[in-house]
Amino acid sequence: MTITASGLYGLTWEKMFIDTAAQSMEAETHKVLMVTDTYAPNFDTHDFRDDITNEVTGTGYSAGGIAFTTTDWTITPAGTLTYDFADPAWPTSTIANAMAAVTYFNVGTAATDQLLFLMDFVTAASSSGGTFTILIAATGAVTLDFTP
Amino acid sequence: MSDETDKLRAQLEMVELEEQLRVAKNTDEGASDDLRLALREARYRYRTLRDASPDALGPGDAVANPAAIDGSVGVQQ
């Protein structure tokens, strides 16, 4: 078991804070891919998509994943920044043992796509000719408590 | 009103606001804070109902339900 927790990829967030990522998180072009539990995330050093290993494969799933849309940052509840988007889904898919989703800025190539965050499913999920859906939590995908 | 009706109504409201957000993002003004807040609240309402009463899965369907990533941004005192 190499995926033990969700997390933010620090190097990309550092770039956003110092204005060198050149991306808006509210763009509608970012993507989400899925990996098996064999991928060993390193949130301190993994920065581009070419650091990702063990992406899932299968019918109805293309390498690199799909765009996630209707992205929004809001200040809600009070004192908290919340990042959210529509539930990503792969219809008519056969995908085995997906353990986590990895989001990234879709710049264009694996060497330039900047990693954003990993969402740990905790329990691996598999579809078999049906729809694989990531149900984003009611409280959003990412929350940042700025008055801890 | 049944739970399923509440959930469906909340889903429709969410989808409508998502469409409004898509349209607004393509304008010069962009999406307003009010619209983004309304969508966030609609998503919260729908997903809370969905999690309390999950839809039955079809043959071969799968769902993953990751928890929100909770981060804290502190200021050194």
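**Figure 1. Secondary-structure content and overall dimensions of chain A.** In this predicted model, chain A is built from one helix and nine strands, and from the N terminus on these elements follow one another in the order β-α-β-β-β-β-β-β-β-β. The radius of gyration of chain A is 15 Å, which agrees with the value near 15 Å that a compact globule of 148 residues would have. Along the principal axes, the C-alpha atoms of chain A occupy a box of roughly 45 × 30 × 30 Å. Buried residues account for 51% of the 148 residues in chain A, while the area that chain A exposes comes to about 5900 Å², of which carbon and sulfur atoms supply 56%. When the contacts in chain A between residues at least 6 apart in sequence are considered, 73% of them join residues at least 24 apart.

**Figure 2. Strand β6 of chain A and its two pairings.** Strand β6(A), which covers residues 80–84, has four of its five residues buried, so this strand is largely enclosed by the rest of the structure. Strand β5(A), residues 72–75, runs antiparallel to β6(A) and is joined to it by four bridges, with Leu81(A) in β6(A) serving as the bridge partner of Ile75(A). The hairpin formed by β5(A) and β6(A) has four residues between the strands, and there Gly79(A) adopts a positive phi near 85°. Strand β9(A), residues 142–145, also pairs with β6(A) in the antiparallel sense, over four bridges, and in this pairing Thr80(A) stands opposite Asp145(A) of β9(A).

**Figure 3. Surroundings of Ala5 in chain A.** Ala5(A) is found in the segment that precedes β1(A), the strand of residues 7–8. With a relative accessibility of 35%, Ala5(A) counts as partly exposed, because this class lies between the limits of 20% for buried and 50% for exposed residues. Once neighbours within four places in sequence are set aside, the residues in contact with Ala5(A) are Phe43(A), Leu118(A) and Asp120(A). Tyr39(A) is separated from Ala5(A) by 34 residues in sequence, and the C-alpha to C-alpha distance between the two is 12 Å.

**Figure 4. Glu18 of chain B and its contacts with both chains.** Glu18(B) belongs to helix α1 of chain B, which spans residues 3–25. The relative accessible area of Glu18(B) is 7%, and Glu18(B) is therefore buried, as this value is under 20%. Apart from neighbours within four places in sequence, Glu18(B) is in contact with Thr70(A) and Ala86(A) from chain A, and with Leu39(B) and Arg43(B) from chain B.

Definitions and conventions: Residues are numbered from 1 along each chain as its sequence is written. Chains are lettered from A and ligands numbered from 1 in the order in which they are written. This is a predicted model: local features need pLDDT of at least 70, side-chain atom pairs count only at pLDDT 80 or more; totals for chains, interfaces and linings use all residues. Side-chain values use heavy atoms; hydrogens and water are left out. Buried means under 20% relative accessible area, exposed over 50%, partly exposed in between (1.4 Å probe, protein chains only). Contact means heavy atoms within 4.5 Å. Two strands pair if DSSP finds at least two bridges between them. The radius of gyration is taken over C-alpha atoms; the globule rule is 2.2 Å times the number of residues to the power 0.38. Accessible areas come from the Shrake-Rupley method with a 1.4 Å probe; for residues, only the protein chains shown count as cover.
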